[in-house]
Every structure is written in structure tokens, then in C-alpha cells.
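Please work through the exercises below with the sequence and the structure open beside you. Each exercise sets a task, and a worked solution follows it.

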Amino acid sequence: MGRVTNLSLSSSFGWSMQRKQEASKRRSKRRGVLLLAPPILCDTWMRHPPIPVEDALSFPPVPRRFAVEGRGEREEGNERACRRAPEHVKAHIDAYLAACDRDMTVAVVCVGPEAGRAAVEALSHVEKVGHGAIGGFAHLAVVVQDNVDDGRSAKGRVVRLETQRHGSASLLGSASSKDVQDVLRAQVAALISSGPDRPTPLSQFVAADESGCVATGHRMPQAQGARGKSLVEDALERMTSGATSEEAVQRVMAENPHADAGLVGADGIGNVFGENSKRVMRRPDVGHARRKQGNITVEVLANSIGPEGQAIADLAAATAMNVMSPNKPNSSLWLVMGTPVEFDVEDVIVVEEVDGLAYISCVKSTDPLTQFEDREEVALIGPQTEVVWADGTSMGHCHSEPFMVIDKGRLVSCDGQEFYEVRYRGSQPCRPADPDQIFALTHGHPASKQIWRSPSASDFCFPEINEQEMGPSNMDKAVEVLPG
């Protein structure tokens, strides 16, 4: 009885915890899984689940200082956890924590018009929406094809932009105006990004050749592969030797199944292909997206970016494709207050031309609300609306969908404004008139400046408010009851 009394609560608790940890270790060995981090590493543990033993043993030795460098309040807890771990596990814990801090999280390869702009826009949208290892370093490599005097394309040249911090926001700002223009008009682009301050040179993460071949990836694409060279250099060499992007990437991944990397490459004829290693495929946070439309292709690999890896990859791919899409609007016309609105069997925007200046003379819609003289709030134009000349010749299709107010067969406002820019994709270029020119062109026309400034329209857009009749506002009342 005395022996039980002399046993302190702390020592009893410690003995119990030790038994539980030993039992957990035995269960882990039976499952063939080595737990690389104790429960104190809650954040790292949740983002990166236990890794199979064969992958853990493939970690290269990492200096201990990298495991805790710059990790804020969490580094002390990690350090204590490492001290408590068995000796044969400490090196793998260090390497694991270093890999969590130093991996690359998103890779984008674009082939098509304005590919460089598309890659930067994709990264910008990911930074706005995602959270995690993003918004730090970025490296972009593009292949620019210059034309010689006889119009033929000369041999391409590689242009690179990079930054260690602030991602897309500082990527273009660090370059000369000529390099920025070259990047924006390039037909082939490869971009990689992650958190700040990655190992230099940053060009090691993106391989590019004057022939138009590029290769990059996520996680550790710069790691040495089975052939004694980095994974991205290996893929690039295969493509420049005649292999397609699919053949090159698949061969590199097949030879390096346990590499902590995924690769995406583009060959000299515009084929794009991406693939993850078997090891990376076991991660729960991986995203892989591909979009293709004709000769335009974008492929994205991502990891460690919330809220969900696949959603982040889809967002980046959709953004890049929207920039390069052949169906994006290339023309615009001004729609002004007072323009006639008519009920018709088709949804069309009628355009007239006077003295070489084009303007919208009428909006015709199948919406039944356009039959009445009452004030209505409608959406008369949209993707279904065709833009036509007055003689019925098609000019293209509308890409805008404003909120419109009509009254007595006239347009009162578009998105609350007196004039609105209607964007459309057109095959027949025209010179659009600005709002002031439209007023001058339509003098004496039913949609003239007098109607545009009609009393009903002005009252609607700019109502007069008698503050004395309204009395004190709710905010004024709230301020009065405040103490002091």
C-alpha cells in the first residue's frame, strides 16, 4: 500500500504514456508504416499523413538547421519532438520537415497565343483564392519566336523572369519592358511557384530550350533522377532528342517511381503532358488539371494549397484557357441611355455606321417584358445575343450581360450607368464611336441626347432626396445614445 502511495501522479502518467507509445510503434511496424512525426506536430501531421517506409528511407540527409529554420512558434515544439524520437528516426523527421517547407507547390505549362500572360494570370488567381505554400517565389520561362525580314520565324530564344517573394505581383515588375512584352506574347510558357526563398538558382526548377521544349513540375522536380541528372533536365533532353512530351514524361516517371515529384512538359510541336510519380499520387492534396481546345493547351500540377488541391488546379487551368481562348471577345461597342428597345423573334444588337463610326442603334429581344410600356428590370443581352449590321449581316456574338432598366421602349441604364461597353467576339472589325460621338451622330434621331437626358431617366438614376422630410438617420440616432 505504501508503494502505491509513494508513486506520484506524474510518474504514473508518464509510465502509461510510454506503454501506449510502444504499443503504437509495434502496430505501425506490423502495418509497414513508419510514423515520421509524433502527435505534437499537429499542423504538419494533418497536411502530410504518414509515409510508407520505402519513401521515408529515400529522403536524402538534410542538415538539422533546415528542419527548424524560420518556422516561428512551432519550431520549439518540433525540436522537442525530435529530441524525444528514437535516434534512427531523427534524420527522417528532419528531412520530412525540410521537405514540407521547401517543396514546390504549383506548376503551369501553357501552349497557345499569349501563353506567358495566361501562366501569370493563372498564378495570380491561385494566389487570390488559395492558402498555404503560395505567394512566394516564382520562375517563368517562355520561348519567343522572332520573325526575320522575309517573314519566316527565326530560331526561338528563352526569356526568363523570376522572383523570390510576392509571386505574380512582383514577377513582371522585376523585368525590363522588352522582356515583359516578350513574355506576354510568347506561345510557349512554363511557370513554377511556391512559398518564399527557395534555393538558387531558380532556373533549376524549369528547363527550357530554344526549340520550344519546356519542362517543369511540382514537389522536387530538380531532384537528381536515375540517369544522374535532374528530372526536368532529363525530360527536356528526351524531348529535344525527338520524343513527344508524353513519351518523355512517362519514361522519366517510370524510371523514378519513388521520386517526390510530378512533371509536366511541352515538346516542340505543341504537345503538353503531365504526370505524377507513384509516390506523389499517394498524397491526398494533389491536383492535376488539363484543358485543350484546338492547338491551345494548358496543364497544371499542384499540391499543399488549400482549400482543395484539385479545385486549385482546375481554377488555374480554366484561367489560363480563358486568356488563350480563341473565343474571347476582341471588339466592343458603346450602348447608351435612350437606345430603342424592341420586342422581336430574335435576340440581336443592331449596329449602324455613320461617317465610319459604328454605334448600337437598337436592341431587339425575345423577352416578353419588352412589349410593355412600363418600367422593367431585365437582362436583354447575353451570350445568346448576336451582333448584326442594320442589313442583317452578322458581326459576332455578345460576351456581356448587363443588368438593364427599360422604360417606354427606351434604355434607362445598364448596370446603373448611363453608358455601357458591350464586348463581343467579331470577325468584322469596326471603328466604334464613343458616347459623345454617339450623341453627335444621333442628333435628331429618336435616341438623341434630349431623350438620353429625359426627366424620367434622370429621376430614376439620380433621385432627389429631401433630408429634412426624412429626419435623422439610424446612424445619427445610434451616435446620440453613445456615452459621452
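The exercises turn to confidence, then to a sheet and its helices, and then to salt bridges in this predicted model.

**Exercise 1. Find out how confident the predictor is in the protein, and which stretches stay under 50 in pLDDT.**

Solution. Begin with the whole protein, for which the mean pLDDT is 77, while 69% of the residues reach 70 or more. Next, look for stretches where the value stays under 50: residues 93-101 form one of them, and the model has 31 contacts beyond four places in sequence for this stretch. Residues 444-482 also stay under 50, with 35 contacts beyond four places in sequence. Where pLDDT is low, the predicted coordinates should not be read in detail.

**Exercise 2. Work out the strand order of the open sheet of four strands, and state which strands stand at its edges.**

Solution. Following the sheet across, one meets the strands in the order β8-β9-β10-β11, and their pairing is antiparallel. The edges are taken by β8 (207-208) and β11 (272-276), each of which has a single partner strand, so one side of each is left without a neighbour in the sheet. To look at one pairing in detail, take strand β10 (residues 261-266), which pairs with β11 in the antiparallel sense over five bridges. Within this region, Gly262 stands opposite Asn276 in β11.

**Exercise 3. Determine which strands are crossed by helices α11 and α12, and at what angles these helices run.**

Solution. Take α11 to begin with: this helix lies across β8, β9 and β10, and runs at about 155 degrees to β9. Then turn to helix α12 (residues 245-255), which lies across β10 and β11 and runs at about 15 degrees to β11.

**Exercise 4. Describe the buried residues of helix α10 and the salt bridge between Arg185 and Asp182.**

Solution. The buried residues of α10 are Val180, Asp182, Val183 and Leu184, and together they pack against α8 (115-129), β5 (138-144) and β6 (157-163). The side chain of Asp182 also meets that of Arg185 in a salt bridge, at 3.2 Å from N to O. Both residues belong to helix α10 (residues 177-185), where they are three residues apart, about one turn of the helix. Their surroundings can be judged by relative accessible area: Asp182 has 3% and is therefore buried, being under the 20% cut-off, whereas Arg185 has 42% and is partly exposed.

**Exercise 5. Count the salt bridges, and compare the partners in the pairs Glu237 with Arg227 and Lys408 with Asp407.**

Solution. The count comes to 18 salt bridges. In one of them, the side chains of Glu237 and Arg227 meet at 3.5 Å, N to O. This pair links distant parts of the chain, with Glu237 in helix α11 (residues 231-240) and Arg227 in the loop between β9 (214-219) and α11, ten residues apart. Glu237, at 32% relative accessibility, counts as partly exposed, and Arg227 is likewise partly exposed, at 39%. In the pair Lys408 and Asp407, the side chains meet at 3.7 Å, N to O. Here Lys408 counts as exposed at 55% relative accessibility, but Asp407 counts as buried at 9%. As a last step, follow the shared partners: salt bridges join Arg227, Lys229, Asp234, Glu237, Arg238 and Glu255 into one network.

Definitions and conventions
Residues are numbered from 1 along each chain as its sequence is written. This is a predicted model: local features need pLDDT of at least 70, side-chain atom pairs count only at pLDDT 80 or more; totals for chains, interfaces and linings use all residues. Side-chain values use heavy atoms; hydrogens and water are left out. A salt bridge is a side-chain nitrogen of Lys or Arg within 4 Å of a carboxyl oxygen of Asp or Glu. Helices (H or I, at least four residues) and strands (E, at least two) are DSSP runs, numbered from the N terminus. Buried means under 20% relative accessible area, exposed over 50%, partly exposed in between (1.4 Å probe, protein chains only). pLDDT is the predictor's confidence in each residue, from 0 to 100. Contact means heavy atoms within 4.5 Å. Two strands pair if DSSP finds at least two bridges between them. Axes are lines fitted to C-alpha atoms, for helices over the stretch in contact, and angles run from 0 to 180 degrees between N-to-C directions.
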